[in-house]
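Visitor: Got a minute to walk me through this one? I'd like to start with how the chains meet and then look at the sheets.

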Amino acid sequence: VKGTVFVEFLDHVEDKYGLDVLDSVILALQGKLSTNGAYTSVGNYPHEEMLELASAICSMRGESLESLLDDFAQSLMLSFERMHPEFFDKEQDIFDFFSTLESRIHTDVRKIYPDARPPLILCRRIAEDSLEISYQSARPLALMAIALTRATGVRFEEELEVEVLTLADDHSSMRMVVKRRMATV
Amino acid sequence: MSDISDTTEYKLLQRKLARAMAARAEAESLLESRSRELYTSNLALSDANRQLIVARQTSEEASKAKSLFIGNMSHELLSPMNAIIGLSQLLIDTPLNDKQRHFLQGISSSAQLQLSMLKEVIQISAIESGSMGLHPRWFRVDELIEQAVAQIHAAARAKGLEIILSHVEILRMEISADRERWAQALQILLSNAVKFTEQGHVMVVGEIQMHPENGPVLKITVRDTGIGISAEEQARIFEPFEQLSQSVSKLYAGAGLGLPILRHIAGLMGGDVRLESTIGNGSTFVFSIPVTSVKAVADVPELVSDQALSLNSVAVLIVDQTPEALDAQAALLSSCGCKLAIAGTASEARQILLEAESQARSFAAVMIDWQTGDAPALMQWIRQQRPASGPKVIGLTTMSRQTLQFDAEQAGCDVLIEKPLTWQVVTTNLLRLLGTDFPPAGQELTRSQPAVAGADLDRDRDMAKLRAWLDDGNVRVMEWVEENELFLRRQLAGDFYQFVSAVKKYDFGSAAALLGPQLSLPAGERS
């Protein structure tokens with residue numbers, strides 16, 4: 001996983017729960033983190049560390065993983081937009097955004113970072129208000145993908161209903177239907 | 001007061017700082033190693049780039065050297081070929097037995113083929129070395145097309161192909177362009193069409209299009225009914241040294257350089273050449289060239305403009321079994337102001353003539369294609385119906401006039417014209433034939449008569465002089481022909497080239513025959 005995601009995650013935890021929480025999580029995971037919690041945005045780190053950090057925070061705060069990821073996804077979306085405004089067109093339809101994510105964003109990501117392995121996101125419009133999205137990744141980050149999907153809805157100011165159809169045990173693949181509330185005239 | 005370093009907050013911040021510093025150190029070392037990687041790959045790229053530049057220079061120099069060599073060698077390559085061809089020709093004209101003559105003809109035609117291929121190779125070299133330029137001068141487009149057609153005429157006739165000129169008369173204009181390159185382009189288009197067509201016809205269509213930015217664009221379309229070119233081959237055909245498929249190239253000799261040269265000429269002139277074709281359905285090549293300097297032919301003092309005027313409203317019936325030829329001839333005669341009727345068969349023509357007679361109308365002339373079924377019978381029928389005052393009968397043929405002359409006269413044909421029809425040939429022949437005994441519509445007659453009569457006096461005086469020279473075997477006759485080329489072209493129309501070639505061979509008898517018997521009469525004796 002790109003270091004920038006780790007840096008964003010730690011910043012988010014510090015902002016939301018305070019430096020003491022972040023510090024104690026890192027101390028508690030002593031020996032399990034490759035750099036003892038010192039991450040740089042230009043590095044690459046094992047995804048297992050992200051999962052370790054998230055689950056440690058959840059158990060320490062008694063918070064669900066889903067709500068932690070939802071919160072983090074929203075702040076990550078803001079960072080993405082700050083770093084790559086060209087990918088975020090306010091006028092764009094949210095379903096178009098999802099549908100072109102693979103061809104537009106991931107293609108560019110692969111060009112900029114030849115070592116990056118972004119997930120494969122494929123979309124199929126199944127109704128006027130529903131989009132089926134499938135996620136396949138080399139990493140077990142399906143829950144993060146679901147959270148990012150919801151965060152995208154927030155970013156586009158759309159009320160989205162996300163229904164997960166299938167989720168692989170190892171969280172490396174997932175299918176979901178995203179339904180949006182259509183504007184009523 | 002407790003030591004600040006003992007507080008929890010201090011320790012938290014200290015650990016955060018330590019993590020930040022560790023992260024920074026890692027980032028710096030990552031950046032350092034990436035910079036090194038970039039530097040190394042940059043070095044490798046520069047090296048590869050240098051090698052590529054050297055390789056390109058080497059290959060460009062080699063290609064230039066090759067082209068330069070061939071360019072320098074062109075004289076050495078062509079001179080022996082010209083000698084072989086010239087000497088073979090001289091030898092053929094000496095007393096020989098049939099076998100010897102046959103062998104010599106083989107040598108001569110092979111040498112001709114070799115020469116044309118050598119010229120193509122030399123030209124491709126000139127193109128590749130960038131030494132082919134344009135040398136503009138004024139010339140008439142329609143005349144150039146007619147000359148190109150005249151050159152290919154024998155080959156077409158030998159295969160029984162008809163060459164149809166359609167709307168070429170609209171290109172009766174002078175343009176300032178490279179005449180040699182234009183001539184070559186036309187020659188390539190026409191010889192390709194004839195080469196790859198076994199039966200049917202080759203049609204040359206003239207067109208002028210107004211381009212919104214580039215002004216007038218001349219389009220010469222050459223359409224044949226030949227073997228056609230597959231889509232795959234169309235993609236390669238304009239590339240040098242790419243002939244059609246092996247099986248086809250075995251049948252048709254050639255270096256396959258004509259079309260690449262054609263494309264280059266078109267490009268050099270700011271135009272293009274396009275190809276449409278399907279296997280078995282013939283090919284259409286469109287040569288489009290923008291022209292900047294155009295002069296209307298009216299700027300040139302031309303007797304024919306008066307002649308065309310006096311053909312106004314003359315009723316002509318055209319009979320031809322080939323619809324394309326019929327259309328082309330109709331367009332040509334319309335442009336002369338004639339009133340037309342057309343027929344595709346002899347029986348259709350008979351009906352039209354009978355119908356006209358029943359309505360007390362008459363045709364001044366009937367032009368009949370000799371190859372149309374029952375053409376001789378139709379001619380005889382017209383003669384029998386109205387022996388004296390009936391329409392003049394003009395025979396059209398793709399064959400040689402000499403071959404058919406006797407049959408045509410027997411059938412009652414007033415004049416036999418070799419196809420393809422050109423504006424010049426049609427107007428000259430129609431006017432010569434209809435002459436004074438066919439008064440055209442009244443107003444035109446009074447206006448055009450003095451000009452035509454005056455010109456006729458000059459013409460007869462000059463032609464009488466020419467005939468006298470030919471009869472005397474005066475070798476200065478060629479000089480006279482060159483000085484009076486325009487005049488002679490007008491008088492002799494389609495016969496001009498035959499006339500010139502006869503004079504060049506000192507065959508003054510044939511040349512004199514081409515002047516036509518009526519031209520020998522002094523002006524005063526003409527009716």
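Guide: Sure. Chain A and chain B bury about 1,100 Å² between them, with carbon and sulfur atoms giving 61% of that. Buried area here is the accessible area (1.4 Å probe) that two parts lose on being put together, summed over both.

Visitor: Which three residues supply the most of what chain A buries against chain B?
Guide: A:Leu19, A:Asp23 and A:Val42, which together supply 42% of the area that chain A buries there.

Visitor: Before I go on, what kind of model is this?
Guide: It's a predicted model: local features need pLDDT of at least 70, side-chain atom pairs count only at pLDDT 80 or more, and totals for chains, interfaces and linings use all residues. Residues are numbered from 1 along each chain as its sequence is written, chains are lettered from A and ligands numbered from 1 in the order in which they are written, and side-chain values use heavy atoms, with hydrogens and water left out.

Visitor: OK, back to the interface. How many residues are in contact?
Guide: 16 residues of chain A are in contact with 11 residues of chain B, where contact means heavy atoms within 4.5 Å.

Visitor: And how many salt bridges between the chains?
Guide: Three. The cut-off is a side-chain nitrogen of Lys or Arg within 4 Å of a carboxyl oxygen of Asp or Glu. One salt bridge joins the side chains of B:Arg19 and A:Asp23, at 3.3 Å from N to O.

Visitor: Which helix gives the most to chain A's side?
Guide: Helix H2 (residues 19-28) of chain A, with six residues. Helices (H or I, at least four residues) and strands (E, at least two) are DSSP runs, numbered from the N terminus.

Visitor: New topic: what's the strand order in the chain B sheet?
Guide: S2-S4-S5-S7-S6, an open sheet of five strands with mixed pairing. Two strands pair if DSSP finds at least two bridges between them.

Visitor: Why is one side of S2 and of S6 left without a neighbour?
Guide: Strand S2 (162-166) and strand S6 (272-277) of chain B stand at the edges, each with a single partner strand, so one side of each has no neighbour in the sheet.

Visitor: Do S2 and S4 of chain B run parallel or antiparallel?
Guide: Parallel, joined by five bridges. B:Ile164 has B:Met203 in S4(B) as its bridge partner. S4(B) and strand S5 (residues 215-224) of chain B, on the other hand, pair in the antiparallel sense over 10 bridges, and there B:Val205 is partnered with B:Thr221 in S5(B).

Visitor: What about S6 in chain B?
Guide: S6(B) pairs with strand S7 (residues 283-290) of chain B in the antiparallel sense, over six bridges. B:Asp272 sits opposite B:Ser288 in S7(B).

Visitor: Which helix packs on that sheet?
Guide: Helix H9 (residues 323-335) of chain B, touching S2 and strand S4 (201-211) of chain B; its direction makes about 40 degrees with that of S2(B). Axes are lines fitted to C-alpha atoms, for helices over the stretch in contact, and angles run from 0 to 180 degrees between N-to-C directions.

Visitor: And the sheet in chain A, what's its order?
Guide: S1-S2-S4-S3, an open sheet of four strands with antiparallel pairing. Strand S1 (120-127) and strand S3 (160-167) of chain A are the edge strands.

Visitor: How many bridges join S2 to S4 in chain A?
Guide: Seven, between strand S2 (residues 130-136) and strand S4 (residues 173-180) of chain A. A:Ser134 stands opposite A:Arg175 in S4(A).
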